[in-house]
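Here's a quick briefing to read alongside the structure. Pull up the model and follow along.

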Amino acid sequence: ETEKDTTTVKSDTTAFKADLNIEDVTITNGNLYYDDRTTQMYASLHELNLTLNAIFNDETINLGLKVDTQNVIFWQKGETLVKDVSCGFVTDLSVNRDTKILDIHNTKAQINNIEFIVEGQLIPDKEKKELDVSMDLNLEVPSLKTVMSLIPESILKQGKDLTTKGSVSFHANIDGTYGNGKLPTAIASLSIKDGGIQYKDMPNKIDLIETEMLTFLDLSKKTSSFVEVNNFKLRGTSTNIVLRGKADNILDNAKIIAKANGTLDFAALAKTLPLKPGIDIMGIAEVDLDGMFYSNDIMNNDYGKIDAVGKLSLTDVKFSYKTDSLVFETTQSKAVFGQKQKSNALSTEESKVFGGVIDLSGLKLIAKNQLEATVDNVYLGFGSTPWKDSTQIANMKSTLRIKNAKVNLGDTIKGMIGNASAIINLNPSIEDKSIPAVHTEFYIDSTGVSTKGSFIGIKEGEYNFDLIRTGDKRWPATGYIAFNNLYAYSPLFPLLLKMP
């Protein structure tokens, strides 16, 4: 028997270890698009520049990242949430290769030229395909000058000529889960105390700016997002304004409640802030208003649904912007609004009544040399029951008076009104309270319109109409039109038409 020949070999079980360095990955002037079908969130980043370096070892991945982009846009379910925002960041990130936790540190973020310090963590859950987010943002330079830089320089001059005082604090937190239809929430607070602004070579200054602001955003819309402003105060030469309010449900049909009171001297403001060249403002505004409205009412021009109480007056106000050929002037304008909870002024049954007076004198409006209008006086008085009841048409009575109005639309149309008065009443019809009925009367002593060689003029004209909407949304009218004299001429029929 032959003895077996055996050889023992020692095996080295030590794991192979090595570092991997990525020195430079660069993207220049790129576009990035992101489409999340689960949350129906869509994003686009334009003019994207990115520089990346990385070090991989057996414990961590360390990333150095610099990113900037000039236009960030976010949509969700067809609605634009964010647009025209420039942003960027410089950061060091570390990823634990065992836990996959990403630590954010030494990070500076910039949003529309405002710089923030960012700290936080991103924790992925591979099984649930979700990402837990926790990040804190603080202003890198917490000063009023930093906050002022949010105002576009096309409106307000920035730079070394501006000095500020006061204490400013800003903190934001983004917290929650991203993935499977979930989105993190964000809350931000801004506080300005004993703030002040002084521009070099400007005779006036803003002595006091103070405010407390709180914003909460839930893009998933599971809870109501809101913006709250507590006692925004602005005090300067001949100016003292206090604002406060809250906007709820701001990602949908926002409910806005606001209160403003104080005095604003536009001429003093022009000597306080270096406005854009060509802008000229003067006059006094006095305001004392409480209001509540929904954003959809403004977008749909449903101004009758605005609930406001108080007054606004403008005295010798002038605004002109030579670059856009824009001029607005008024010698005296006022608006007064009020309400009474129980009144039968508009109907036999007691109900809440909202009413007011708008009285505008010495109006002048010029826009881009295409529109020029002047009016000696416009007066509107109105009263209305609430417009929110969809089962019944509101009761409304209004009176309108116009004195010496002239309008030129470039070289195309010219028109004038001497003295005019009108009433417009809206009521539910007798047969069906959900159907509106309108009664309107109008009288004018003289009016005329001319265009391209043609003209028509009326002296002492009037009408009286009743209108009730039918089921097919038509408005058949009953009433009459009358006038003492009518003059008309057209180059196509070269004879002056006179009636009677």
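Which residues form a nonpolar patch on the surface? They are Val407, Leu409, Ile413, Val449 and Ile456, with about 350 Å² of accessible area together. Bear in mind that this is a predicted model. The notes below go through the patches, the salt bridges and one glycine.

**Surface patches**

- Take Ile413 from the nonpolar patch: this isoleucine is found in strand β20, which covers residues 413-428. Its relative accessibility is 33%, so it counts as partly exposed.
- There's a positive patch on the surface too, made up of Lys165, Lys205, Lys233 and Arg235.
- Within that positive patch, Lys165 sits in strand β8 (residues 162-178). Lys165 has a relative accessible area of 43%, which makes it partly exposed.

**Salt bridges**

- With nitrogen and carboxyl oxygen required to be within 4 Å, the count comes to five salt bridges.
- Glu140 pairs with Lys108, and their closest N and O atoms are 3.0 Å apart. Glu140 is in the loop between β7 (130-139) and α1 (144-148), while Lys108 is in strand β5 (residues 102-111), so this bridge ties together parts that are 32 residues apart in sequence.
- Both ends of that bridge are partly exposed: Glu140 comes in at 25% relative accessibility, and Lys108 at 45%.
- Glu130 forms a salt bridge with Lys182, with 3.2 Å between the closest N and O atoms. Here the link is between distant parts of the chain, since Glu130 belongs to strand β7 and Lys182 to the loop between β8 and β9 (185-199), 52 residues apart.
- Is Glu130 buried or exposed? Its relative accessible area is 13%, so Glu130 is buried, whereas Lys182 is partly exposed at 35%.
- Lys246 bridges to Asp248, the closest N and O atoms being 3.7 Å apart. Lys259, Asp288 and Asp290 are joined into one network by salt bridges that share partners.
- As for cover on the Lys246 pair, Lys246 is partly exposed at 32% relative accessibility, and Asp248 is partly exposed at 27%.

**A glycine in strand β17**

- Gly362 lies in strand β17, residues 351-367. With 27% relative accessibility, Gly362 counts as partly exposed.
- Gly362 and Thr330 are 32 residues apart in sequence, yet their C-alpha atoms are 4.9 Å apart in space.
- Which residues does Gly362 contact, leaving aside neighbours within four places in sequence? Those are Glu329, Thr330, Thr331, Val375 and Asp376.

Definitions and conventions. Residues are numbered from 1 along each chain as its sequence is written. This is a predicted model: local features need pLDDT of at least 70, side-chain atom pairs count only at pLDDT 80 or more; totals for chains, interfaces and linings use all residues. Side-chain values use heavy atoms; hydrogens and water are left out. Helices (H or I, at least four residues) and strands (E, at least two) are DSSP runs, numbered from the N terminus. Buried means under 20% relative accessible area, exposed over 50%, partly exposed in between (1.4 Å probe, protein chains only). Contact means heavy atoms within 4.5 Å. Patches are made of residues with over 30% relative accessible area and no salt bridge: like charges are joined within 9 Å, nonpolar side chains (Val, Leu, Ile, Met, Phe, Trp, Tyr) within 5 Å. Accessible areas come from the Shrake-Rupley method with a 1.4 Å probe; for residues, only the protein chains shown count as cover. A salt bridge is a side-chain nitrogen of Lys or Arg within 4 Å of a carboxyl oxygen of Asp or Glu. Lys and Arg count as positive and Asp and Glu as negative; His and the chain ends are not counted. The place of a charge is taken as NZ of Lys, CZ of Arg, CG of Asp or CD of Glu.
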